[in-house]
Amino acid sequence: MIIILKNDPDPWQLEDLTGWLRDLGLTVCPTVGVGQTILGLVGDTSRVDADLIAALDIVEDVKRVQEPFKNVNRKFHPENTVVSVGQAVFGDGSLTLIAGPCAVENEEQILSAAYAVKNAGAQILRAGAFRSRTSPYSFQGLKVEGMRLLLKAGEATGLPVMTEILDASQLPLFKDVDLIEVGSGNVRNYHLLTALGRIKKPVLLRRGPAMTYEEWLMSAEYILAGGNGRVILCESGIRTFENYTKNTFDITSIPVLKALTHLPVAADPCQASGKYSLVPHLASAACAAGADGLVMEVHPDPQHALCEGERQLEFDKFSALAGKLFALHGTVREGEREDE
């Protein structure tokens with residue numbers, strides 16, 4: 001349920017209303033917008049008399065929210081949530097690029113990639129220290145040593161870093177990581193999501209390959225319900241009957257999620273397609289669709305990468321693509337302003 005207040009509500013009446021609602025066992029989540037204040041109610045609202053509340057002097061309207069995701073719902077929070085990661089920002093209308101190799105392989109590789117993506121305009125460095133692989137015989141990452149090298153590369157370049165967490169027990173190792181990634185294989189790991197809700201660190205939450213929008217948003221709800229509102233959603237492709245690409249990139253998810261939730265939405269064209277040749281096209285489509293950020297894999301020598309070399313971009317290709325994406329984003333934003 002959401003309660004829409006009139007402009008400049010009487011503070012005493014507002015205090016009485018919120019106190020009464022909390023006495024009913026409800027969590028009251030106030031959202032103060034540019035011209036409107038909304039009270040979002042989380043809990044069992046069946047005992048709340050909507051007509052009684054609507055009759056109050058300070059109340060404009062009362063609406064019941066049918067969707068099970070409450071905290072992430074745009075009805076609860078009409079204004080876009082802005083998530084900052086170091087100097088990078090998601091949700092303010094800008095385009096943020098997260099780039100780096102699929103996995104940390106050695107010090108020279110991650111340092112060269114870090115400088116290359118920074119020079120191309122990326123604002124966040126990404127790489128896997130702990131790798132979640134389908135086969136137990138595949139490269140599993142350098143683990144703690146990989147984390148050390150990634151943080152060293154971030155410090156050397158001044159870039160904030162993102163890497164994937166596999167289990168809640170690893171959280172102490174992530175204290176210096178700026179953006180924690182939850183991969184598509186862990187997006188239903190509710191124990192992990194609950195633990196991430198108790199910290200104040202930004203989280204990038206990928207979509208599972210067989211997830212509906214509602215299921216994906218319910219996973220995000222776990223994090224927000226714990227008190228951590230710094231969540232970025234990332235479309236990474238879904239599984240369909242088509243096997244030419246690794247996944248099918250669901251471009252529709254970007255405008256749909258923009259309508260359903262206030263959280264920033266990013267996209268990963270590399271993981272979605274599994275083919276570097278398709279990345280420029282899908283990245284451009286995501287940018288035009290309104291993505292707040294793009295995650296891309298960049299490697300100094302993709303042909304000899306220890307994992308996923310077929311979907312990683314070489315330095316020069318990423319640099320050229322980044323320039324085109326920033327130009328495209330500027331054109332899209334200018335068109336949006338003209339339509340307003």
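**A four-stranded sheet, helix α3 and two nonpolar cores**

In this predicted model, four strands form an open sheet in the order β2-β3-β1-β4 with antiparallel pairing, where strands are DSSP runs of E of at least two residues and helices are runs of H or I of at least four, numbered from the N terminus, and two strands pair if DSSP finds at least two bridges between them. Because β2 (27–32) and β4 (59–63) stand at the edges with a single partner strand each, one side of each has no neighbour in the sheet. β2 and β3 (residues 37–42) run antiparallel and are joined by six bridges, with Thr-27 opposite Val-42 in β3.

Residues are numbered from 1 along each chain as its sequence is written. Local features need pLDDT of at least 70 and side-chain atom pairs count only at pLDDT 80 or more, whereas totals for chains, interfaces and linings use all residues; side-chain values use heavy atoms, without hydrogens and water.

In helix α3, the buried residues (under 20% relative accessible area, 1.4 Å probe, protein chains only) include Leu-111, Val-117 and Ala-120. Just after α3, Gly-121 takes a positive phi of about 115°.

A nonpolar core is a set of buried Ala, Val, Leu, Ile, Met, Phe, Trp, Tyr and Cys residues joined through side-chain atoms within 4.5 Å. In the largest core, of 66 residues, Met-296 and Phe-318 touch the most other members. Leaving aside neighbours within four places in sequence, Phe-318 is in contact (heavy atoms within 4.5 Å) with residues including Val-117, Ala-120 and Met-296. Apart from this core lies another, of 15 residues, among them Ile-3, Leu-17, Leu-21 and Ile-58.

Methods:
Buried < 20%, exposed > 50% of the residue type's maximum accessible area, 1.4 Å probe, protein only.
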